[in-house]
Every structure is written in C-alpha cells, then in structure tokens.
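Thank you all for coming; I would like to take a few minutes to walk through the empty spaces and the packed regions of one structure. Please have the sequence and the model in view while I speak.

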Amino acid sequence: MRPAHTLLAGALVALASTTPARAQQAAPPERRTVVALNPFALFAEYFAGDIETTVSPTVTVGAGWSAVGINDYNNYRALEAKARYYPNQKAPVGFSVAATAGVATARGTSAFEGDPVRVSRPTIGTELSYQWLLGPTRRFAMVLGVGVKRYLGTEGSFDPINIPLLPTARANIGFAF
C-alpha cells in the first residue's frame, strides 16, 4: 500500500471510530423548573417575574408577580398562579397556553374624593408564550409572550386602570434547574 493510501485509510478509520461516539453523546440534562425576570422593566422601575415547574410532559404550574411604583400615591401589584399547557409535550420548552388566576392591588387617587384609595380585585387571564432553554446545558431560559387579564368585581369608586381588561406581555430571561 502506498503512503498516500495508508494515510487516507487511517483517516477514514479515525473518522468512522469517532462518529458513533458523537451519536452516543449524552443528551442535555432535563430541566424541570424555570425562574425568569423581565430585565428591561427594571429600567422603568417595574418588576415582573415568573417561576414554573414541570408536573407532566405537557403541564407546568407556577406563579408570577409584578409591581410598579409610579409615585408614593400611585402603584400596582399583582400575584398570580399559572398553569401552562405545552402541546409539544416537552414542557417547559416551546409554545404554551396558560390560564392565570390571582389578585391585583392598585393604589391611586380617587376621581371623586381626591384622597389615595387602595383597591384589590381578583383576576383571571390567559397567556400565549414561547420559551427556549439555550446553551449546551439548557440552563439559560428566554421567554416571550402576550396575554390578557380581567379584573373581577367592583369595589369603591376607584378603578385602577379604568377598564376591566389589561393586556399583558412577557419578555423574560432566567435560569432553568
């Protein structure tokens, strides 16, 4: 065998012996819990964050919290429980549809009385979102989503947003465990 053929044969053997090893590499670890915050909102003195944990291949449960402090007399806070359905059966990755239920509290100046008033109301809502787990270990999480929240009931003369529906959005980054 000529030296060129020996070199080519050796290269083919080396390539063939490494190919099965790549195919047998371990899959990234399964991530079950995601904690994420909206880093952009912090610049506007707004906080929004979520935590979710997988309970089945298609469902996660969790909570979300948001707060904005406009000034000493006007602010808003919400705490919600969330259940997300992932139709791709790879929770917590991919497209999801969520149902939310919680409570929202707002403090502001009443249009009739002029004094600060605090109002708390139960809320229900829904969200559509897409979540990625990135990197070789799938530890970095990124999620984008939109939704709507409905305030239930009426209380006092102060309506925190002057409408019963509030559009919502998520642009969060975080970590998966």
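Which residues lie nearest the centre of the largest pocket? They are Tyr46, Ser66, Lys149, Thr168 and Ala169, and the lining as a whole has 25 residues.

Before going on, I should say that this is a predicted model, in which local features need pLDDT of at least 70 and side-chain atom pairs count only at pLDDT 80 or more, while totals for chains, interfaces and linings use all residues. Residues are numbered from 1 along each chain as its sequence is written, and side-chain values use heavy atoms, with hydrogens and water left out.

How is empty space found here? Rolling a probe the size of a water molecule over the atoms shows where space is left. On a 1 Å grid over the protein atoms alone, a pocket is an open set of points with protein on both sides within 12 Å along at least five of seven lines, a cavity is a set where a 1.4 Å probe fits but cannot get out, and lining residues have an atom within 4 Å of a point.

The largest pocket holds about 310 Å³ of space, a volume being the space filled by probe spheres set on the points, which are joined across faces, edges and corners. Two or more lining residues come from each of β2 (46–54), β3 (59–69), β4 (75–85), β6 (116–134), β7 (140–151) and β8 (165–176), where strands are DSSP runs (E, at least two residues) numbered from the N terminus. Strand β8 gives the largest share of that lining, seven residues.

The second largest pocket, with about 160 Å³ of space, has among its lining residues Glu30, Arg31, Arg32, Gln89, Lys90 and Arg138.

There is also one cavity of 30 Å³ or more, and the space in this largest cavity comes to about 70 Å³. Its lining includes Val34, Asp50, Glu52, Lys82, Arg84 and Arg170, and the largest share, four residues, is supplied by β3.

Let me turn from empty space to packing. The largest nonpolar core, a set of buried Ala, Val, Leu, Ile, Met, Phe, Trp, Tyr and Cys residues joined through side-chain atoms within 4.5 Å, consists of six residues, Val68, Tyr76, Ala78, Ala104, Ala106 and Tyr151. To this core β4 and β5 (94–109) each supply at least two residues. Apart from it lies another core, of five residues, including Val34, Val93, Leu133 and Ala176.

Is Ala78, in strand β4, buried or exposed? Ala78 counts as buried because its relative accessibility is 3%, buried meaning under 20% relative accessible area, exposed over 50% and partly exposed in between, with a 1.4 Å probe and protein chains only. Beyond residues up to four places away in sequence, Ala78 touches Gly64, Trp65, Ser66, Val103, Ala104 and Lys149, where contact means heavy atoms within 4.5 Å. Ala78 and Thr105, 27 residues apart in sequence, are 6.3 Å apart in space, C-alpha to C-alpha.

Finally, Asn38 sits in the loop between β1 (33–37) and β2, and Asn38 is buried too, with a relative accessible area of 11%. A polar atom of the Asn38 side chain lies 2.9 Å from the backbone nitrogen of Phe40. Leaving aside neighbours within four places in sequence, Asn38 is in contact with Ala48, Ala171 and Asn172.

How values were computed: Polar contact = N/O pair within 3.5 Å; in protein donor to acceptor, adjacent residues only side chain to side chain.
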